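Me: I would like to go through the reasoning behind some structural labels. Please set each value against its criterion.

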Amino acid sequence: MINMDRGNKFYRMIGFNLIIGLMIMMTTPAIAAENTSTSNTSAIPDFMKIIVVNEGAPAAKPQIAFDDIYALNEGMFPIYNQSLAIYKQHFLKRHNLIMALFSAAGGHFILYRAGQPPLEAESPPAVYRLAKSVGHCAMATYDLVAPYVADSKADLSWLGEMKAYRARVQTALDALDAADLKPEDRELLRSTLLQIKTFMDKCVQNGSFTYDDLQSYARGIKPNLAKLITLASSTQVSHWYQVLEKWKQMLGKDWDNTYALSNSIYVARQNNILFSILVQFMGEKTINDRLILLETTDFTATPDAMMDAFIRIISDRALGKVFYNDYRLMDYELLGGGGRKAIEAEAAKRGLKAVLPPMVPFNSTEWPWKINPASGTGPARMEDVPST
């Protein structure tokens, strides 16, 4: 038999607890939700927490928005690279291109004939490199001692390196008779190396040198350096003239549709030898059109890097025509026009006159370096520099 008194107490207790539970659930939904959320986090092993995003403060909505929009720019590059490969393939099947690159050997010329394997020209004769080597030796000797000219006797850091470089100078002198050189060229190199060696011997013997010693050495060797420049440049120019004459004859009527490009760093931009030679064969009207000078950060640039830059320029011209109705507009910085106006406006706010270059047509064929003699003063050639 069931004890009715104990049973009633039992049911009353269940009913009371059920009511309390329902009241808690109805009045504290936020707590329940919070427990659900934190239960997920607490379920993550400790080793995972270092990479879980919502462990710390959530990313700010403006930053998320910026990332989502700027992702369009990041996504542009794979598309550009893919299209670049297509443009390159099409261009090389249909057009001829001459690539004239600076190199230690006096230049690296490559002829990309339409639909054919590239043709690489031989380098200039060896005398070009030997003349430059001796000329560079004269200036390297200056660089070796110049940092210590204030008190060379107190700081002998230069002495060991000079002895080592002097040994190389002597080795070069000993090798001259066996070099494949014209007698007059051999004697020019010998005379220059002997002047360098004489200065070195004096510095080593005295264990010091003065600024007057250094200047006397530099000014004394200057005439020979001018002759070395003439020897190297005439050898280089003559060689590339012969190469381009041969290529122009080979291409025949296609020459008038051939593209060409060269590269330059800052110091080689003015009087750029390779670019100037190309102009003689292609004509001044091709400058900045079919003949392009690409600015690089090193004397040497790889053909692949040059090709990519060139194809991007040529392919973007079509883009400029489609978007802006001008085939050459994309040769210029798109923001440049707006930037020019902004600079003028900012200058005007401050009561200043904006210093900007003159406006020129997009299809300008002006030489890509300084050509206005009125823009500066002083000598323009080594021959015009006064001796004292």
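Me: What makes strand 4 largely enclosed by the rest of the structure?

Reply: The model is a predicted one. In strand 4, 6 of the 6 residues are buried, so the strand is largely enclosed by the rest of the structure. Both of its faces are covered. Tyr259, Leu261 and Asn263 are buried on one side, and Ala260, Ser262 and Ser264 are buried on the other.

Me: Which strands pair with strand 4, and in what sense?

Reply: Strand 1 is joined to strand 4 by 4 bridges, and the two run parallel. Strand 5 also pairs with strand 4 in the parallel sense, over 5 bridges. Two strands count as paired when there are at least two bridges between them, so 4 bridges for strand 1 and 5 for strand 5 meet the criterion.

Me: Which residues stand opposite each other in these pairings?

Reply: Alanine 260 is the bridge partner of isoleucine 98, and alanine 260 also has leucine 291 in strand 5 as a bridge partner. Further along, asparagine 263 stands opposite leucine 294, and serine 264 has glutamate 295 as its partner.

Me: Why are strand 3 and strand 5 called edge strands?

Reply: The sheet is open, with 5 strands in the order 3-2-1-4-5 and mixed pairing. Strand 3 (119-120) and strand 5 each pair on one side only, and that is what makes them edge strands. Strand 5 is nevertheless mostly covered, with 4 of its 5 residues buried.

Me: How do you know that the length of helix 3 agrees with its number of residues?

Reply: Helix 3 (residues 61-94) has 34 residues, which at 1.5 Å a residue should span 50 Å. The end C-alpha atoms are 50 Å apart, so the two values agree. Helix 3 also has a kink of about 30°, centred on tyrosine 70.

Me: How does helix 10 do on the comparison of reach with expected span?

Reply: Helix 10 has 22 residues, for which 32 Å is expected at 1.5 Å a residue. From first C-alpha to last it reaches 31 Å, close to that value. Just after helix 10, asparagine 325 takes a positive phi of about 65°.

Me: What covers the buried residues of helix 3 and helix 10?

Reply: In helix 3, Ser83, Leu84 and Phe91 are buried. The cover over the buried residues of helix 3 includes strand 1 (97-101), strand 4 (259-264) and helix 10 (303-324). The buried residues of helix 10 include Met306, Phe310, Ile314, Arg317 and Gly320. Their cover includes helix 3, strand 1, strand 2 (108-112), strand 4 and strand 5 (291-295).

Me: Why is tyrosine 217 called buried or exposed?

Reply: Tyrosine 217 is found in helix 7 (residues 211-251). Its relative accessible area is 8%. Buried means under 20%, so tyrosine 217 counts as buried.

Me: Which residues does tyrosine 217 touch?

Reply: Leaving out residues up to four places away in sequence, tyrosine 217 touches Ala138, Thr141, Gln195, Ile196 and Phe199. Phenylalanine 199 is 18 residues from tyrosine 217 along the chain, and their C-alpha atoms are separated by 6.6 Å.

Me: Why are cysteine 137 and cysteine 203 put in their accessibility class, and how many disulfides are there?

Reply: Cysteine 137 has a relative accessibility of 7%, so it counts as buried under the 20% cut-off. Cysteine 203, at 2%, is buried on that criterion too. The structure holds 0 disulfides. To be counted, a pair of cysteine sulfur atoms has to lie within 2.5 Å.

Me: What are the totals for the protein chain?

Reply: The secondary structure comes to 11 helices and 5 strands. Of the 388 residues, 30% are buried. Among contacts between residues at least 6 apart in sequence, 67% join residues at least 24 apart. The accessible surface comes to about 25,800 Å², and 60% of that belongs to carbon and sulfur atoms.

Note on methods:
Residues numbered from 1 in each chain as written. Predicted model: local features only at pLDDT ≥ 70, side-chain atom pairs only at ≥ 80, totals over all residues. Heavy atoms only, no water. Expected span 1.5 Å × (residues − 1). Bend = angle between axes of the 7 residues up to and from the residue. Buried < 20%, exposed > 50% of the residue type's maximum accessible area, 1.4 Å probe, protein only. Contact = heavy atoms within 4.5 Å. Areas by Shrake-Rupley, 256 points an atom, 1.4 Å probe, with all protein chains shown as cover.
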